[in-house]
Amino acid sequence: MLKLSSTIIVSTLLLSANFNLEEYVKKDLVKNPRVKVNKVELVDKRELKEAPDWTLYMFLMNLTYKGKEDVIPERVFVNEKKGLVSNNLYSYKLHKEIGKDIRPELGSEY
């Protein structure tokens, strides 16, 4: 069995059936009250073969801070079965960080 260590646990999910990315970003990821989350756009969602219970969400956050709007790329690993969210996953079995080299797939318009 693959042993995983969440290097940084960001949040524990509420006991719900589905992970809500926008709600997570607004309530748990962006903590600064002066930063307004305008939009969260899911770019890619992947199941991880190295970590069967974990899903990688890659997304863009459209934020406003001090009147300036910016788009910030971010990613989180989610384990819905255990109700965990993490910024990083490390496999002791593979001796490497999982998902480090995963990039979103480009659509046909590129």
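This short report looks at the strand β4, its two neighbours and a group of aromatic rings. The model is predicted, so please read every value here as computed from that model.

**Strand β4 and its neighbours**

A good place to begin is β4, which covers residues 55–65. Eight of its eleven residues are buried, so the rest of the structure largely encloses this strand. Strands β3 and β5 each pair with β4, as the table shows.

| Strand pair | Residues of the partner of β4 | Sense | Bridges |
|---|---|---|---|
| β3 and β4 | β3: residues 35–47 | antiparallel | eleven bridges |
| β4 and β5 | β5: residues 68–79 | antiparallel | eleven bridges |

Individual residues help you find your way along these pairings. On the β3 side, Tyr57 of β4 is the bridge partner of Lys45. On the β5 side, Met58 has Arg75 of β5 standing opposite. In a regular strand, side chains alternate between the two faces of the sheet.

Next, follow the chain from β4 into β5. The two strands form a hairpin with two residues between them. In this hairpin, Lys66 has a positive phi near 55°.

**The aromatic rings**

Tyr57 also leads to another feature: together with Phe19 and Tyr24, Tyr57 makes up one aromatic cluster. The count of aromatic pairs comes to three. One of them joins Phe19 and Tyr24, whose ring centres are 5.6 Å apart. The planes of these two rings are 50° apart, and the pair is tilted. Are Phe19 and Tyr24 buried or exposed? Both Phe19 and Tyr24 are buried.

Notes. Residues numbered from 1 in each chain as written. Predicted model: local features only at pLDDT ≥ 70, side-chain atom pairs only at ≥ 80, totals over all residues. Heavy atoms only, no water. Phe/Tyr/Trp six-rings, centres within 6.5 Å; stacked < 30°, edge-to-face > 60°. Buried < 20%, exposed > 50% of the residue type's maximum accessible area, 1.4 Å probe, protein only. Helix = DSSP H or I, 4+ residues; strand = E, 2+ residues; numbered from the N terminus. Pairing = 2+ DSSP bridges.
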